[in-house]
Amino acid sequence: MHELSIVSSLFGTLLEKAREHNAGKITLVKLKVGKLSGVVPELLESAFDMYKKETIAENARLEIEEIPLKIRCRACGTETEITTYTFFCGSCKSPDLEILQGTELFLEKIELEIDEPSSP
Ligand SMILES: [Zn+2]
């Protein structure tokens with residue numbers, strides 16, 4: 001399952017960031033997932049739920065934002081957001097397209113709870 005390896009490496013990043021900031025808890029994780037990244041958000045969520053157990057992200061909320069697919073026409077230069085699986089330029093209907101966004105997956109935001117150093 002593709003999503004498991006994604007979440008596995010995601011947790012590596014998350015825990016590293018938490019350590020960098022001396023955070024005791026991860027409260028929110030926001031991902032952006034391109035429509036063409038091949039990732040199923042539901043599977044990503046269940047993999048996340050599996051991995052977060054007994055970590056500092058145990059109570060973290062996962063938010064997934066889907067990035068629409070965006071293409072640029074090589075014939076006329078028009079940029080079109082593709083919402084269905086018809087791959088044509090929105091202006092001149094040319095099928096000669098360059099994909100601008102929609103295939104990526106990245107970590108948009110993490111919210112951490114920082115442990116206050118106990119005052120003497
Ligand atoms: Zn065009």
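## Helix α1

Ser5, Ser8, Ser9, Gly12, Thr13, Glu16, Arg19 and Glu20 are exposed on one side of helix α1. The description that follows concerns a predicted model. On the other side of α1 from these exposed positions, a second group is found: Glu3, Val7, Leu10, Leu14 and Ala18 are buried. These buried residues lie on the same side of α1 because they cover an arc of only 75° around the helix axis. The geometry of a helix accounts for such a pattern: with 3.6 residues a turn, residues three or four places apart point the same way.

Helix α1 comprises the 19 residues from 2 to 20, for which a rise of 1.5 Å a residue predicts a span of 27 Å; the C-alpha atoms at its ends are 28 Å apart, in agreement with that value. Its buried residues pack against three elements, namely β1 (23–34), α2 (41–52) and β6 (105–114). Just after α1, Asn22 adopts a positive phi of about 55°.

## Helix α2

The 12 residues of α2 should span 16 Å at 1.5 Å a residue, and the separation of its end C-alpha atoms, 16 Å, agrees. Leu44, Ala47 and Phe48 are buried in this helix. Their arc around the axis is only 105°, which places them on the same side of α2.

The face turned away from that buried side carries the exposed residues Glu42 and Met50. Packing of the buried residues of α2 is against α1 and β2. Just after α2, a positive phi of about 60° is found at Glu54.

## The nonpolar core

The largest nonpolar core contains 15 residues, of which Val7, Leu14, Ile26, Val29 and Leu44 touch the most other members. Two or more residues of this core come from each of α1, β1 and α2. Val7 and Leu14 are among the buried residues of α1, and Leu44 is one of those buried in α2.

Which residues does Leu14 contact, leaving aside its neighbours within four places in sequence? Leu14 is then in contact with Ile26, Val29, Ala57 and Ile110.

## Strands β3, β4 and β5

Strand β3 (residues 69–73) has two distinct faces: Leu69, Ile71 and Cys73 form the covered face, while Lys70 and Arg72 form the uncovered one. Such an arrangement follows the general rule that side chains in a regular strand alternate between the two faces of the sheet.

Strand β3 pairs with β4 (residues 79–82) in the antiparallel sense, over 4 bridges. The two strands form a hairpin with 5 residues between them, and Gly77 in the turn has a positive phi of about 85°. Strand β3 is also joined by 4 bridges to β5 (residues 97–101), again in an antiparallel arrangement. Ile71 has a partner in each of these strands: its bridge partner in β4 is Thr80, and in β5 it stands opposite Ile99.

## Glu66 and Phe106

Glu66 belongs to strand β2 (residues 61–67). Is Glu66 buried or partly exposed? Glu66 is partly exposed, since 14 other C-beta atoms lie within 10 Å; a residue counts as buried at 20 or more. Apart from neighbours within four places in sequence, Glu66 is in contact with Val33, Lys35 and Pro41. Its C-alpha atom is separated by 17 Å from that of Leu10, a residue 56 places away along the chain.

Phe106 is located in strand β6. With 12 other C-beta atoms within 10 Å, Phe106 is exposed. The C-alpha atoms of Phe106 and Leu10 are separated by 9.2 Å, although these residues are 96 apart along the chain.

## The chain as a whole

The chain has 2 helices and 6 strands, arranged along the sequence in the pattern α-β-α-β-β-β-β-β. The radius of gyration is 19 Å, whereas the globule rule gives 14 Å for 120 residues; the chain is therefore more spread out than a compact globule. Along its principal axes, the C-alpha trace spans about 70 × 30 × 15 Å.

Buried residues account for 17% of the 120 residues in the chain. Of the contacts between residues at least 6 apart in sequence, 70% join residues at least 24 apart.

Terms used:
Residues are numbered from 1 along each chain as its sequence is written. This is a predicted model: local features need pLDDT of at least 70, side-chain atom pairs count only at pLDDT 80 or more; totals for chains, interfaces and linings use all residues. The expected span of a helix is 1.5 Å times one less than its number of residues. The arc is that of the directions from the helix axis to the C-beta atoms. Two residues are in contact if their C-beta atoms, placed from the backbone, lie within 7 Å. The radius of gyration is taken over C-alpha atoms; the globule rule is 2.2 Å times the number of residues to the power 0.38. Two strands pair if DSSP finds at least two bridges between them. A nonpolar core is a set of buried Ala, Val, Leu, Ile, Met, Phe, Trp, Tyr and Cys residues joined through C-beta atoms within 7 Å.
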